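User: Please take a close look at the pockets in this model and walk me through the parts that surround them. I would like one connected account, with cut-offs for the terms you use.

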Amino acid sequence: MRILVTNDDGVYAPGLLALKNAMSRLGEVTVIAPDSNRSAIGHAKTMHKPLRMDPVKLADGSQAFASTGSPADCVALALLGALPGPFDLVASGINPNPNVGHDVTYSGTVTAAMEGLIGGVPALAVSTDTHQAQSIGIGDPYHAAAEYAVRVARMMIEQNLPKDVLLSLNVPGLPLEKIAGLQV
């Protein structure tokens, strides 16, 4: 299993590291993300300037790639061969705020996953409510979302969902044991 992990909050965002570590339990993970925060830019694509991609080290010492492009550019770079593929799943996030309603049209988290879908790879966008988690004193506001991301990704793989499936997972900012389950 080869998993491409990305986000819209930038390569050094804590949610990206949490998602990378969680997805590592399912297979080989490659990380590429914007070199800085690119939240709320929707499905922007870079057309009239060069895209750059540089190797970087994440906080845990693992390798990732930072791109000067948008979240969708990052996924396109990987799927078009700038990184060794092919990929079986694109996982985007963990966004520190929910992506619901109209937000999904602006979300770089969701549209990065959408770029995977366009490239023929099943995709998962993951978001959580870190403000809620912090307000009730949860030490790691990404823990529950990372755990649910693994559960949903595993279901996507085991149920062999079609390549044209994108799931947007929104996890409340609650302790894992307080979350009642999944609802589609």
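Analyst: Happy to do that; the pockets come next, followed by their surroundings and a few backbone details.

The model is predicted, with local features requiring pLDDT of at least 70 and side-chain atom pairs pLDDT 80 or more, while totals for chains, interfaces and linings use all residues. Numbering runs from 1 along each chain as its sequence is written, and side-chain values use heavy atoms, with hydrogens and water left out.

Let's begin with the space itself. Rolling a probe the size of a water molecule over the atoms shows where empty space is left. The largest pocket holds about 420 Å³. Its lining has 17 residues, and V152, L169, L182, Q183 and V184 are the closest to the centre. Two elements give two or more residues to this lining: helix 6 (143-158) and strand 7 (166-171). Strand 7 supplies the largest share, five residues. By type, the lining has 12 nonpolar residues, five polar and no charged.

Some terms for that picture: a pocket is an open set of points on a 1 Å grid over the protein atoms alone where a 1.4 Å probe fits, with protein on both sides within 12 Å along at least five of seven lines, and lining residues have an atom within 4 Å of a point. Points are joined across faces, edges and corners, and the volume is the space filled by probe spheres set on them. Helices (H or I, at least four residues) and strands (E, at least two) are DSSP runs numbered from the N terminus. Ala, Val, Leu, Ile, Met, Phe, Trp, Tyr, Cys and Pro count as nonpolar, Asp, Glu, Lys and Arg as charged, and the others, including Gly, as polar.

The second largest pocket has a volume of about 190 Å³. Among its 13 lining residues, D88, P122, M156, N160 and L161 are the closest to the centre. Here the lining consists of nine nonpolar residues, two polar and two charged.

Helix 6 deserves a closer look. Its 16 residues should span 22 Å at 1.5 Å a residue, and the end C-alpha atoms are 23 Å apart, which agrees; the expected span is 1.5 Å times one less than the number of residues. Its buried residues (under 20% relative accessible area with a 1.4 Å probe, protein chains only; exposed is over 50%, partly exposed in between) are A144, A145, A146, E147, Y148, A149, V150, V152, A153 and M156. V152 is thus a buried residue of helix 6 that is also among those closest to the centre of the largest pocket. The buried residues of helix 6 pack against helix 1 (14-23), strand 5 (89-95), strand 6 (123-128) and strand 7, where contact means heavy atoms within 4.5 Å.

Just after helix 6, N160 takes a positive phi of about 50°, although N160 is not a glycine. N160 belongs to the loop between helix 6 and strand 7. With a relative accessible area of 66%, N160 is exposed. Most residues other than glycine have a negative phi, and most peptide bonds are trans. Another non-glycine with positive phi is A40, at about 60°. A cis bond turns up inside strand 5, the home of I94: the bond joining G93 and I94 has omega of about -10°. A cis peptide bond with omega near 0° also runs from G85 to P86, and P86 is in the loop between helix 2 (residues 71-82) and strand 5.

Helix 1, on the list of partners of helix 6, is mostly covered, with eight of 10 residues buried. Those are G15, L16, L17, A18, L19, K20, A22 and M23. Their cover includes strand 1 (2-6), strand 2 (28-34), strand 5, strand 6 and helix 6.

Finally, the whole protein. There are six helices and seven strands, in the order β-α-β-β-β-α-β-α-α-β-α-α-β along the sequence. Buried residues make up 49% of the 184 residues. Among contacts between residues at least 6 apart in sequence, 75% join residues at least 24 apart. For 184 residues, a compact globule would have a radius of gyration near 16 Å, and the protein has 15 Å, which agrees; that radius is taken over C-alpha atoms, and the globule rule is 2.2 Å times the number of residues to the power 0.38.
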